[in-house]
Amino acid sequence: MGFVDLVRAHRATADDAIARSVTMGIERSIRGGVVGVGDIAGAPRGTPSLVPFRTLDNSPLFGTSFLEFFAIGKGEASGMAAIARAIVEAAPCSSGVRVRLGLQPHATNTVSPRAYEHAITLSRAHDLPLSTHLAETLEEREFIAHASGPQRELLERLGAWDDSILGSLGHGRTPIEHLMPILERAPFLAAHVNDSTDADLVWLARTQTTVAYCPRAHEYFGARDRLGPHRYTEMIRMGVPVVLATDSAINLDPDGAGRLTPLDDARLLYRREETDADLLLEMITTLPARAIGLDPTRAELREGGEPYGLALVAVEPDARGTPRSPASRVLESMATPELLCLATR
């Protein structure tokens, strides 16, 4: 919760400052060899902002800007109305060739089931992909299962708590079980999913959910000690697509703070857990392309293809007699990717 307060206290809120922040993220992504992004466009002061979408749309990158909103308790009705207005305002340019608009009902502790249903309705009406934060922390588990803890205290502190919230909370459910009626109705890109039971994995496999695992954020917050190792390999075996993502510039190693790239997250898993290199490469190319609404065939190299872009990674030569796959050589290298070109359409 200290991290939440840090972000709330220091994140940009004025339009020009938000644009500068997003521009910095774009520049760091390009320096990291990234050609397409799924960006969560934060809601400053709890209000959806189209500035991140418009800034990203004016950049050379491809992708989706997920418009974030909050809607729970006393703020449920106003939050639902605000996101609907923002979509109407964005409509003239929300189906662009390079960047499209998406919807991000923030998380189970800040969005009511009714507001999630509202998001699905808007998604279907305007062809908008959906994302949310899910099963991220122990505090979220406590809030959903018992309607108590720091996340309830935050809502009370913000004046958003209303006892009507208790209708859907406090029944001993996990965050994933709580959200299952929503996940069964529409495909979601679910950020984190650090906290999952065996039953949760079975339920997830019944849906069209894609998990966005953030290895460096997972390590930064000590989630491995608090919640156990992330279960991404089990999810994959059960048919749940998993992609790699970067949570925040705040929780990156200072040595890599000048770039934003999931290649660094893949390298962490390759070093720490010896995860298969070809699988990791897929988790930062074709799978995330599909998850954010891009064409996955343009995230691979093949004869006659039209990739979104090309990045060069300097690798060490193979030792004599020990050939390694191209993916292994890329992950073993610590070189910063050099973006050679981006497609124009």
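A disulfide is a pair of cysteine sulfur atoms within 2.5 Å. The structure described here is a predicted model, and it holds zero disulfides. Among its cysteines, C214 is buried at 4% relative accessible area, whereas C341 is partly exposed at 37%.

**Nonpolar cores**

The largest nonpolar core is made up of 60 residues. Those with the most contacts inside this core are L103, L134, F188, V193, L244 and L280. What is V193 in contact with, once its neighbours within four places in sequence are left aside? The partners of V193 are L134, A135, I176, L204, V211, H230 and M235. One of them, L134, is itself listed with V193 among the residues with the most contacts inside the core. Separate from this is a second core of eleven residues, including F66, A212, I292 and A343.

**Salt bridges**

Side chains of opposite charge can pair when their charged atoms come close. Across the whole structure, a search finds 21 salt bridges. The table gives some of them.

| Pair | Closest N to O distance |
|---|---|
| R114 and E76 | 2.7 Å |
| R100 and D127 | 3.5 Å |
| R267 and D264 | 3.6 Å |

The side chains of R114 and E76 meet in a salt bridge. Why does this pair tie together parts that are 38 residues apart in sequence? R114 lies in helix α5, residues 113-126, and E76 lies in helix α4, residues 76-90, so the bridge joins parts that far apart. R114 has a relative accessible area of 52% and counts as exposed, because the cut-off for exposed is over 50%. E76, at 16%, counts as buried, because that value is under 20%.

The salt bridge between R100 and D127 also links distant parts of the chain. R100 is in strand β3, residues 99-105, while D127 is in the loop between α5 and β4, and the two are 27 residues apart. R100 is partly exposed, with a relative accessible area of 23%, and D127 is exposed, with 56%.

Where do R267 and D264 lie? Both are in helix α13, which covers residues 262-273. They are three residues apart, about one turn of the helix. Are these residues buried or exposed? Both R267 and D264 are buried. This pair also belongs to a network of salt bridges that links R216, R259, D264, D265 and R267.

Note on methods:
Residues are numbered from 1 along each chain as its sequence is written. This is a predicted model: local features need pLDDT of at least 70, side-chain atom pairs count only at pLDDT 80 or more; totals for chains, interfaces and linings use all residues. Side-chain values use heavy atoms; hydrogens and water are left out. A nonpolar core is a set of buried Ala, Val, Leu, Ile, Met, Phe, Trp, Tyr and Cys residues joined through side-chain atoms within 4.5 Å. Buried means under 20% relative accessible area, exposed over 50%, partly exposed in between (1.4 Å probe, protein chains only). Contact means heavy atoms within 4.5 Å. A salt bridge is a side-chain nitrogen of Lys or Arg within 4 Å of a carboxyl oxygen of Asp or Glu. Helices (H or I, at least four residues) and strands (E, at least two) are DSSP runs, numbered from the N terminus.
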